[in-house]
Amino acid sequence: MNLRRKTVVTVISKIGDRRPKADACLVTIYGMQLGMKHPLKPGEMIVGRSSQAQLQIDHESVSRRHARIVLTENGVLISDLGSTNGTYVNDEPIQERTLAHGDLIKVGRTILKYLSTDNIEAAYYEEIHRLTTIDGLTRCYNARSLREHLVREVSRSVRYGRPLSVLMFDVDDFSRINEEFGHLAGDAILAQLGKRLARRIRREDILARTGGGEFALVTPEVTKEGAMNLGDRLLRLISETAFGFDDVQIPVTLSIGVAAIEEVQIPEGDVETTPGAKPGTVNTPGGSGSSSSSLANDPFSQVGNTSSITSEFSVFETSRSGEVIDRFHAASENLLGLGRQRLAQAKANGKGRMLG
């Protein structure tokens, strides 16, 4: 006997039409409450400065009722509520938009990342780990990650006799730009600068934001002459590039200080700390001690009870007794210190200057 079975009809929905995960969330990757996880629940969530907002961001750049986020069966919808400074998704101003996994939402000076995956906890902790290495505003490495990379490159350079150079550069009159155009404009310029520089460097180069409008570029296998040539190209690129915010064009120039590994003293053995000296302080050529706090990120990105994320680790790795500093860490700080010293001298000579 032949039994004929009915074909089961399966309705296949488009990926974009599938219901978001019940444990989708937003993670603060830049701004107040850095690293904070904000779970999304069915219904409406108001984002704003008001104490009545479900997601409160108590900062002057945020309107009282800034944006609305709605979790529906068809997705997560975000809409601007006529805010003063607008709502941005992936650096584009929006009135209303459906969010996708990984989207970056900017509300005032705060940046939130939308996560919606099968394993939300794994995605969240991966994002937290990323926050320990990446600057949330510029998407460049942060100061801590710069140190870790630089120590490895200095070690390799010294051991194998390979060239290594560092370019320290700073946005000229950055404090004036913040005062004249506002901190939102300053943030926008830094974000644009990070993107444009990242497109002009090699994969092996290390670009980091070290604080405020200051950046560092580590260039393995590049001599000082090569670094100076690269600096010239960067100066021309930035001076010829239009920067803007809210349809306002803002002229931007950089000053650059260049240093090479052969210009700094490499200790023969481990460096002993002096009694009472804090690990992370070392004398730079021609200057006094330079502390790790001088490389701290923008204070706005360090507000909130997230010390495990925002606090800088020690510049040096000490021995178990806490009295010995690795010589490659010391050389790394000397190299950064020399680059920063020349950057200051270049700025004293005028805007858009380079000194090596």
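1. A quick convention before anything else: two strands count as paired here once DSSP finds at least two bridges between them. With that in hand, strand β12 (residues 164-171) and β17 clear the bar, pairing in the antiparallel sense over seven bridges. Keep in mind while reading that this is a predicted model.

2. Some totals for orientation. The protein chain has 356 residues, and buried ones make up 50% of them. Its secondary structure comes to seven helices and 22 strands. If you take the contacts between residues at least 6 apart in sequence, 63% of them join residues at least 24 apart. The chain exposes about 18400 Å², with carbon and sulfur atoms supplying 48% of that area.

3. Back to β17, which covers residues 254-260: seven of its seven residues are buried, so the rest of the structure largely encloses this strand. As a reminder, side chains in a regular strand alternate between the two faces of the sheet. In β17, Leu254, Ile256, Val258 and Ala260 point one way, while Ser255, Gly257 and Ala259 point the other way, and all of these are buried.

4. What does β17 pair with? On the β12 pairing, Val166 stands opposite Ala259 in β17. There is also strand β22 (residues 354-355), joined to β17 by two bridges and running parallel to it. In that pairing, Ile256 faces Met354 of β22. So Ile256 is worth a click in the viewer: it is buried, on the side of β17 that also carries Leu254, Val258 and Ala260.

5. Next, an open sheet of six strands, in the order β2-β1-β11-β10-β7-β8, with antiparallel pairing. Its edge strands are β2 (37-39) and β8 (92-94), each of which pairs on one side only. On average, neighbouring strands of this sheet are turned by 30° against each other, direction ignored. Helix α1 (residues 120-131) packs on the sheet and touches β1 (25-30), β2 and β11 (110-115), and its direction makes about 5° with that of β1.

6. β1 deserves its own point. Six of its six residues are buried, so β1 is largely enclosed by the rest of the structure. On one hand it is joined to β11 by five bridges, antiparallel, with Tyr30 bridging to Ile111 there. On the other, three bridges join β1 to β2, again running antiparallel, and Val27 stands opposite Lys37 of β2. If you check backbone torsions, look at the hairpin of β1 and β2: six residues lie between the strands, and Gly31 takes a positive phi near 120°.

7. At the β8 edge, strand β7 (residues 87-89) and β8 pair over three bridges in the antiparallel sense. The pair to look at is Tyr88, which stands opposite Pro93 in β8.

8. Is Ile78 buried or exposed? Ile78 belongs to strand β6 (residues 75-80), and the answer is buried, because its relative accessible area of 1% falls under the 20% cut-off. Leaving aside neighbours within four places in sequence, its contacts are Arg68, Ile69, Thr87, Val89, Ile94, Gln95, Glu96, Arg97, Leu99 and Ile105. The contact with Glu96 comes with a handy distance: the two C-alpha atoms are separated by 5.6 Å, although the residues sit 18 apart along the chain.

9. On the helical side, α2 (residues 143-160) and α7 pack at an angle of about 105°, with axes 9 Å apart. That value lies between 65 and 115 degrees, so α2 and α7 are roughly perpendicular to each other. From α2 the contact takes Leu146, Arg147, Leu150, Val151, Val154, Ser155, Val158 and Arg159, and from α7 it takes Arg327, Phe328, His329, Ala331, Ser332, Glu333, Leu335 and Leu336. The residues of this contact divide into nine nonpolar, three polar and four charged.

10. One residue of that contact to zoom in on is Ser332, which sits in helix α7 (residues 327-348). Ser332 has a relative accessible area of 3%, which is why it counts as buried. Which residues does Ser332 contact, leaving aside its neighbours within four places in sequence? They are Leu150, Val151 and Val154, and these three are among the α2 residues that make the contact with α7.

Methods: Residues are numbered from 1 along each chain as its sequence is written. This is a predicted model: local features need pLDDT of at least 70, side-chain atom pairs count only at pLDDT 80 or more; totals for chains, interfaces and linings use all residues. Side-chain values use heavy atoms; hydrogens and water are left out. Helices (H or I, at least four residues) and strands (E, at least two) are DSSP runs, numbered from the N terminus. Axes are lines fitted to C-alpha atoms, for helices over the stretch in contact, and angles run from 0 to 180 degrees between N-to-C directions. Contact means heavy atoms within 4.5 Å. Buried means under 20% relative accessible area, exposed over 50%, partly exposed in between (1.4 Å probe, protein chains only). Angles under 35 degrees count as roughly parallel, over 145 as roughly antiparallel, 65 to 115 as roughly perpendicular and the rest as oblique. Ala, Val, Leu, Ile, Met, Phe, Trp, Tyr, Cys and Pro count as nonpolar, Asp, Glu, Lys and Arg as charged, and the others, Gly among them, as polar. Accessible areas come from the Shrake-Rupley method with a 1.4 Å probe; for residues, only the protein chains shown count as cover.
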